[in-house]
Each structure stands twice: as C-alpha cells, then as structure tokens.
Amino acid sequence: MKNIFIFILTLCFQSIYSQKVNLVGIAQTSENRGYVMIVLNDTLKKLPKNFSDSLFQKMWKNKDIICHSDGNGNFSIIADLKDSLVFSRDRYISQTHKVSNLFSKKDSINVILEPIPCIEYVPCNETNPEQYIFIGEKIDVSPGSEPNYCNMISMDSKSKSKYKILKKFTQNLNFDTIDFVSYDHFSKVKYDEFQNVLLFVGKYCDSLIHQKYQYQPVYKMKNGKWASPIFEEYDSTKRKSDKQPHKVKMAEPITISRYNSYRKLEEIYKEPYFEIKNGKVYMLYGFYPEDLIKDNEEKNSS
C-alpha cells in the first residue's frame, strides 16, 4: 500500500507544481471515428501490480488523467507542458505526443490513428482435444496479444502462463513444467489469483489452451493430500460438487483472493465448513481433486 500512496501523491504533486495548459483538438481514426482514449503519461501501464480495483476505478473516472474524444473526435484535456499524452483505440496503432508539441499547434490539433494491419482468422476445428489435467504451481502469468484479425473480434483477454506441475492426473504429461495460453471474459476471479490450482488444459491444433473457467484452487493438507474449498471463491452460495465433502486439516491457511479481500471473511467462509483464526481462514471440509475431475467429466459428457 505504501508504494500505491506514493504513486498517487506523486501525481498530485506534479499537478500542483506545474505549468498547466488546456488542449482542445480532434482525435479520431482514419475512417473519421471518434471515441479515442487519451491517457496522461501512459498512467495505466505504470500502475503497480497490487493496485486495488477501487483506486483503479477512481483513476479511470478522473478526467485529468483519462478522457475520450466524442463521436466526432472532439476532445479537451488539461495537462502540464512536461507531460505526454497517449492516444489509443482498440485495433488501431497508438500514438504518443508531447504536450508541448501539441500546444505549439493548439489551433490545429488533429490526431489520426491508423488501423493495425489485419490477417484472416482461421478457426481450429479440433473436436476431440487431448486433455492435460494437473495441479500446477504458478511460475508466471503475463498478458498476451492476439493478431488483429480481419474477420473476427473477441472480447476475451489473452494470457500466457507457465506452471510447474505438482501432481499429474493424466498419463500424457511427460514434462515438469507447462506453457499454455488462456482466454478470459471479465471473470471476477481468475485462476492466476491462486498459487496452486487444479487446471484443465486442452491441445487444440498444436496449441495448449486452458479450458475456459475450468479450474479450482487447491491447498495442501497435513496428510499430504490436496483439497479444494467447498464453495466457489466468487459465490459463497455455490457448491463445487454434489458429492459429500471430506473432513480435512490444512497445512497452511487459505490464500484470500483479491476479489474477496475487501469483504468480511465471516460472510464468505462460513461455519461449519471453515474456521477463522487471527484473521486467517482454514477449511474444515473440502473436495479432493479426484472428486472435481469426475464432476467435470460428467458435466462435459452430459
């Protein structure tokens, strides 16, 4: 949190002791489309990884940092002469301009974004993909980028993931680490929020792809087994399995997901399934991976 507040204070300090100018101009695409996003000093890409959702929303609504041109391309923003502005729109090449340069031609500011060259999307028609099921430990998860397809637009975000394989549930895994990609459509909680996860990865046309939304966070028990909490982390009323849960003893407390870190733990992790000690959550009942794998197979076959 200390780094976050220093970051915000720096922005405030820069805004007080600066030479402000009001830029008014046009920002649009080469096809005369407006709604171009304008970001002060590329701020969004400089946010710390642990920047909270609430602070992000406040920054997103701050028109001194982020604004958009209207449907006709008109925009107005106040910035310091030392600042820079990043103009961007999905599927277009971003442009960065110094405020001093834009101000020098303040009567004729006209930023035109050109489209990213596109290629044809060829779908994969794999109907029976080879499946890899394993418990993985997160090594790295980073944003990935897709080519700009001419004939397909996806709202999913792409990630590139690397995991250490801790336990194998399919015999076709003959390696210790695995690299795969995933596509997510604004999930509240993603698999990479947890250090150890039961993952389902399919091989589609020679590409390893995480099967969307199919994962379960798992934790090591004192008896050496792995187990997953009874309730979904994002919905405390939804059970993962209709099977009878097992009584368990955790080796380490549950890792609270970022999404749940702003809520009262007692509202999410309820008795008798969980116990809260000194602000830490321990599950008393859980499902073994074998239970969840069988449920997943039954759902896919039905």
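# A guided tour of the predicted chain

Select strand S1, residues 20-29, together with strand S4: the two run antiparallel and are joined by 7 bridges. The model on display is a predicted one. To see how the two strands line up, pick Lys20, which stands opposite Asp80 in S4. Strands of a sheet pair through backbone hydrogen bonds, either parallel or antiparallel.

Next, add strand S7 to the selection. An open sheet of 3 strands now appears, in the order S4-S1-S7, and its pairing is mixed. Which strands form the edges of this sheet? They are S4 (74-80) and S7 (110-113), each of which pairs on one side only. Turn the view to follow the twist, which averages 35 degrees from one strand to the next. While the strands are displayed, side chains may be switched on. In a regular strand the side chains alternate between the two faces of the sheet.

The tour now moves to a helix. Select residues 99-104, which make up helix H3, and within H3 highlight Leu102. Is Leu102 buried or exposed? Its relative accessibility is 2%, and because buried means under 20%, Leu102 counts as buried. Display the residues around Leu102: leaving aside those up to four places away in sequence, Leu102 touches Leu23, Leu85, Phe87, His97 and Ile109. Among these, Leu23 can be located within the range of S1, residues 20-29. For a distance, pick the C-alpha atoms of Leu102 and Leu81: they lie 9.2 Å apart in space, while the two residues are 21 positions apart in sequence.

Proceed to the hairpin formed by strands S18 and S19, with 2 residues between them. Select residues 274-277 for S18 and residues 280-283 for S19; these strands run antiparallel, and 4 bridges join them. One pair to label is Glu275 and its bridge partner in S19, Tyr282. Then centre the view on Asn278 in the turn, where phi is positive, at about 50 degrees.

Finally, release the selections and display the whole chain. How many helices and strands does the chain have? Its secondary structure comes to 5 helices and 20 strands. Of its 302 residues, 37% count as buried. Considering contacts with a separation of 6 or more, 66% are accounted for by residues 24 or more positions apart. With a surface representation switched on, the view shows an accessible surface of about 18,200 Å². Carbon and sulfur atoms contribute 50% of that surface.

How values were computed. Residues numbered from 1 in each chain as written. Predicted model: local features only at pLDDT ≥ 70, side-chain atom pairs only at ≥ 80, totals over all residues. Heavy atoms only, no water. Pairing = 2+ DSSP bridges. Axes fitted to C-alpha atoms, helices over the stretch in contact; angles between N-to-C directions. Buried < 20%, exposed > 50% of the residue type's maximum accessible area, 1.4 Å probe, protein only. Contact = heavy atoms within 4.5 Å. Areas by Shrake-Rupley, 256 points an atom, 1.4 Å probe, with all protein chains shown as cover.
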